[in-house]
Amino acid sequence: MKVPLMTSATNRAGPAIAFVLFGVLCISLNDMLIKQLSSGYPLHQIVFFRSFIALFFSLVFLQFEGGFAALRTDHPLLHVLRGILVVIANMSYFLALAVLPLADATALFFVAPLFITLLSIPILGEKVGPLRLGAVLVGFIGVIIMQRPWHPTDALEVSRIVLLLPVLSALAYALNQLMTRKLGVKAPASALAIYIQVTFIIVSLGFYVVAGDGRYSASTTNPSLEFLLRAWVWPAPNDQWVLLGMGLNGALIGYSLSQAYRLADAATIAPIEYVGLPLAVFWGYIVFNELPVWEVWTGIALILASGLFVFFRERIKAKRIAPRPLPRPH
């Protein structure tokens, strides 16, 4: 069943854009910190500590949005599916992040807003015209260029599977955000974030039970798998503060993005997430002394151009169909 298009009363684009901008800033900080910690801790341990701390802050946010009663839902299976999609999106992206330069991984992930724009047609019943579809195609061409299909595999710094991990992450992320849009009509943003953090904790503990002693890490030379299967270690004192900050940051990410997709339609706010691209280039250069190769620069330019076109096209369309205000009574 199609979801009806939002009315002008419910499509609050201004606050939604503010939430998504703040959320993208928090995501860029989160990615930079996880890349920093990836050489010393297993991924599931980082995710566990971040999610455990984020759950605490999310529960605090919940008290301002109806309390524990807001956790009740008529769609438990949909929330479970949404949680699984978020886990897939995060884990696959972070596995790539441990090996790829920060800007490369982020740029490849930014096929997500393109997926969102396309999938909003069958899932949300939103209308996307031919010009916006053409812009989406241009963005996908940028992603293909970043994949460098003309290079032989042995000429690449990483395997093609690693290059595809951010794309898999993008697809899972897009499906998650569209589900947030459907569920968010009745569920507050803090409740949506809590469901996600609980899912992360359960999955992380599952990895700890199976591989937390590092029994499988010695048998692999793949840096991404080694990051996933490494043994848990007690965090160093300085890293404990980093993990605490990541937990608060994780709560802010979950809340901000859930709130953004509740307040406005997906095709309107998804292109704003492209702000994460220049942020990734900035952190990559400042913290890791990384600069993208020309293929990545080309891909970034193409998806930025397509994203900006889609965004401004949507805003022009919204102004044309907006109802004229009634004159004020004298």
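Reader: Hey, new to this one. Why are helix 2 and helix 10 oblique to each other?

Author: Quick note before that: this is a predicted model. Helix 2, residues 43–62, packs with helix 10 at an angle of about 55 degrees. Angles under 35 degrees count as roughly parallel, over 145 as roughly antiparallel and 65 to 115 as roughly perpendicular, and the rest are oblique. About 55 degrees falls in that rest, so helix 2 and helix 10 count as oblique.

Reader: What about the distance between the axes of helix 2 and helix 10, what is that?

Author: The axes of helix 2 and helix 10 are 7 Å apart. Angle and axis distance go together, because two packed helices are described by both.

Reader: And which hand does the crossing of helix 2 and helix 10 have, right or left?

Author: Helix 2 and helix 10 cross in a right-handed way.

Reader: Which angle do helix 8 and helix 10 pack at?

Author: About 130 degrees, with 8 Å between the axes of helix 8 and helix 10. Helix 8 covers residues 189–211 and helix 10 covers residues 237–263. Helix 8 and helix 10 are oblique to each other, because about 130 degrees is neither over 145 nor in the 65 to 115 range. The crossing of helix 8 and helix 10 is right-handed.

Reader: Ok, stepping back. How many helices and strands are in the chain?

Author: The chain has 13 helices and zero strands. Read along the sequence, the pattern is α over and over.

Reader: How much of the chain counts as buried?

Author: There are 330 residues, and 52% of them count as buried.

Reader: Back to helix 8. Where is serine 190, and is it buried or exposed?

Author: Serine 190 sits in helix 8. It's buried, because its relative accessible area is 0% and the cut-off for buried is under 20%.

Reader: What is the separation between serine 190 and serine 58 in space?

Author: Their C-alpha atoms are 5.7 Å apart, while serine 190 and serine 58 are 132 residues apart along the chain. Phenylalanine 64 is another partner to look at: its C-alpha is 8.9 Å from that of serine 190, with their positions 126 residues apart in sequence.

Reader: Where is phenylalanine 64, and is it buried or exposed?

Author: You'll find phenylalanine 64 in the loop between helix 2 and helix 3, where helix 3 is residues 76–97. Phenylalanine 64 is exposed, since its 72% relative accessibility is over the 50% cut-off. Serine 190, in contrast, is buried.

Reader: New topic. Which residues form the nonpolar patch on the surface?

Author: Phe282, Tyr285, Ile286, Val287, Leu291 and Trp297. Together they have about 600 Å² of accessible area.

Reader: Which helix gives the most to that patch?

Author: Helix 12, residues 276–288, with four residues. Phenylalanine 282 is found in helix 12, and its 43% relative accessibility makes it partly exposed, because that value lies between the 20% and 50% cut-offs.

Reader: What's special about the phi of asparagine 289?

Author: Asparagine 289 has a positive phi, about 55 degrees, although it isn't a glycine. Asparagine 289 lies in the loop between helix 12 and helix 13, which is 294–321. With a relative accessible area of 63%, asparagine 289 is exposed.

Reader: What about leucine 29, how many residues separate it from alanine 280 in sequence?

Author: Leucine 29 and alanine 280 are 251 residues apart in sequence, but 8.9 Å apart in space, C-alpha to C-alpha. Leucine 29 belongs to helix 1, residues 13–37, and at 27% relative accessibility leucine 29 is partly exposed.

Reader: Last thing: how many salt bridges are there in the whole structure?

Author: A search finds two. Side chains of opposite charge can pair when their charged atoms come close.

Reader: Which side chains meet in them?

Author: One joins aspartate 213 and arginine 215, at 3.0 Å from N to O. Arginine 230 and glutamate 226 form a salt bridge too, with their closest N and O atoms 2.6 Å apart.

Reader: Is arginine 230 buried or exposed, and what about glutamate 226?

Author: Arginine 230 counts as buried at 13% relative accessibility, whereas glutamate 226 is partly exposed at 25%. In the aspartate 213 and arginine 215 pair, aspartate 213 is partly exposed at 49%, and arginine 215 is partly exposed at 47%.

Conventions: Residues numbered from 1 in each chain as written. Predicted model: local features only at pLDDT ≥ 70, side-chain atom pairs only at ≥ 80, totals over all residues. Heavy atoms only, no water. Patch = residues over 30% accessible without salt bridge, like charges linked within 9 Å, V, L, I, M, F, W, Y side chains within 5 Å. Areas by Shrake-Rupley, 256 points an atom, 1.4 Å probe, with all protein chains shown as cover. Salt bridge = Lys/Arg side-chain N within 4 Å of Asp/Glu carboxyl O. Helix = DSSP H or I, 4+ residues; strand = E, 2+ residues; numbered from the N terminus. Buried < 20%, exposed > 50% of the residue type's maximum accessible area, 1.4 Å probe, protein only. Axes fitted to C-alpha atoms, helices over the stretch in contact; angles between N-to-C directions. Left-handed = near helix turned anticlockwise from the far one by under 90°.
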